[in-house]
Amino acid sequence: TLRKPISQSSMADWASKNLNMHTQGIFRRRISISNMLSWNGGSIKKPMLITSNRTIKKEACEMFKLVQSYMGDRQTRMDRNHVALVMVTKCWSMQGLRDELYIQLIRQTTDNTCYRSLAWGWELMAISLAFFSPSPKFQSYLEGYIYRHLDSDEKIAQHIKELVDLKNKKITKSRKKRKQNTEDEGLPISTYAKYCYRKLHKVAVTGGKKGLRKPTVEEIMHARNAILTPSLFGSSLEEIMLRQQDMYPGNKLPWVQTQLSQQVLALGGEQTEGIFRIPGDIDEVNALKLQVDQWRIPNSLSDPNIPASLLKLWYRELEEPVIPQQFYQECISNYENPDAAVAVVQLLPELNRLVLCYLIHFLQIFAQPSNVGRTKMDVNNLAMVMAPNCLRCQSDDPRIIFENTRKEMSFLRMLIVHLDTSFIKGLV
């Protein structure tokens, strides 16, 4: 659901308060905000955003050159993957640089007369959003900018034509060279914008890449591919099933769900103390996630907590929870009634019902007394760690959230104890 973004006047107000106004000429006249936020073929001598951090001041100017290199506006010996890796790693390691990168990308994708450069600028924004979010202070500004490009392809094409026509009247050699590079290359800008808009909302909640391992070239390439090929994580169940149609046409369940579940059991997860409660090493989980998104399960896994953590992440990151939002109230109203709780499951859309029943069947294995003795994870503990991954409270009121958490847990406990999932055996 698209939220109404901040108005153009609010964005202008934000810019006037936060932009580090540049000057030009021997009289050091201030550059206007519109010029500050228009494509620039030269370098910058100070950051775009106001900062007192000396390291950020130095890094920001170098990063602007890297942005230009990635977009093809500056020559470099590095390939574009490595240019992106250097930038993303800097911003991932240094939080103060993140907003600076996003405002530089806004600048270089505004009034840009080269379509290929423009498309690569948006591509870089999409890649960056896979690793880190802007600050809460900057998020609404970036959201407003992206929102205005969701259906902008015709306007952009017309705007580029007008700008090129204007510059043709007083052309220089460098401009002529750039003008020849205005042929359409890359995806429509609206495709990038729609992806970025969705990704921005997700990364604002999840917080981007976690762990201690720095980003890799493989992750950069994966983030770029995700623009056109949706990830198995963070998509809707319907999208995931559509993606696997060619590879596993007969499957009735998401491949990622069944494979990770089977991995947990294959590695002895039902006999592992604290399973689902003790998180797997975050860097190992990230590495497995990258593999799974390429339809691969490595043979080198030894710790069941790794696939168990990734499985929880998959449920949690679904675009819509396994139990869709319209059934939420019914769930928490019937958290003490076994028959009513089971009846809610039968009302779910067929795909959601199968996915939920597979999960409950999976959890029922761990709830067996012989396994609980080893895992120390009884039905209450299993319900407590899994309920937040199946149900999502939409309220912002802490009291309602706290009260509903108990009801969500109790509802899932009812399903683990009372739902008949025998039909799910052998289903993939």
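I'll start with aspartate 13, which forms a salt bridge with lysine 17; the closest N and O atoms are 3.1 Å apart. Keep in mind throughout that this is a predicted model. Both residues of this pair sit in helix H1, residues 8–18, and they are four residues apart, about one turn of the helix. As for solvent, aspartate 13 counts as partly exposed because its relative accessibility is 38%. Lysine 17 has 57% relative accessibility, so lysine 17 counts as exposed.

How many salt bridges does the structure hold? The count is 16. As background, side chains of opposite charge can pair when their charged atoms come close. I'll go through two further pairs.

The next one is lysine 202 with glutamate 319. Their side chains meet in a salt bridge at 3.9 Å, N to O. This pair links distant parts of the chain, with the two positions 117 residues apart in numbering. Where do the two partners lie? Lysine 202 is in helix H10, residues 189–206, while glutamate 319 is in the loop between helix H15 (305–317) and helix H16 (328–333). Lysine 202 has a relative accessibility of 26%, so lysine 202 counts as partly exposed. Glutamate 319 is partly exposed too, because its relative accessible area is 38%.

That pair also belongs to a network of salt bridges, which links Arg198, Lys202, Glu239 and Glu319.

The other pair is aspartate 397 and arginine 399. They form a salt bridge, and the closest N and O atoms are 3.5 Å apart. Is arginine 399 buried or exposed? Arginine 399 is exposed, because its relative accessible area is 67%. Aspartate 397, with a relative accessible area of 24%, is partly exposed.

Arginine 399 brings us to helix H21, which covers residues 398–418. Helix H21 packs against helix H20, residues 379–390, at an angle of about 115 degrees. The axes of the two helices are 8 Å apart, and the crossing is right-handed.

Which residues meet there? On the H20 side they are Val379, Asn380, Leu382, Ala383, Met384, Met386, Ala387 and Cys390. On the H21 side they are Glu408, Met409, Leu412, Arg413, Ile416 and Val417. By class, the residues of this contact divide into 11 nonpolar, one polar and two charged.

To recap: a salt bridge joins aspartate 13 and lysine 17 inside H1, another connects lysine 202 in H10 to glutamate 319 in a loop, and H20 packs with H21 in a right-handed crossing.

Terms used: Residues numbered from 1 in each chain as written. Predicted model: local features only at pLDDT ≥ 70, side-chain atom pairs only at ≥ 80, totals over all residues. Heavy atoms only, no water. Axes fitted to C-alpha atoms, helices over the stretch in contact; angles between N-to-C directions. Left-handed = near helix turned anticlockwise from the far one by under 90°. Contact = heavy atoms within 4.5 Å. Nonpolar A, V, L, I, M, F, W, Y, C, P; charged D, E, K, R; others polar. Salt bridge = Lys/Arg side-chain N within 4 Å of Asp/Glu carboxyl O. Buried < 20%, exposed > 50% of the residue type's maximum accessible area, 1.4 Å probe, protein only.
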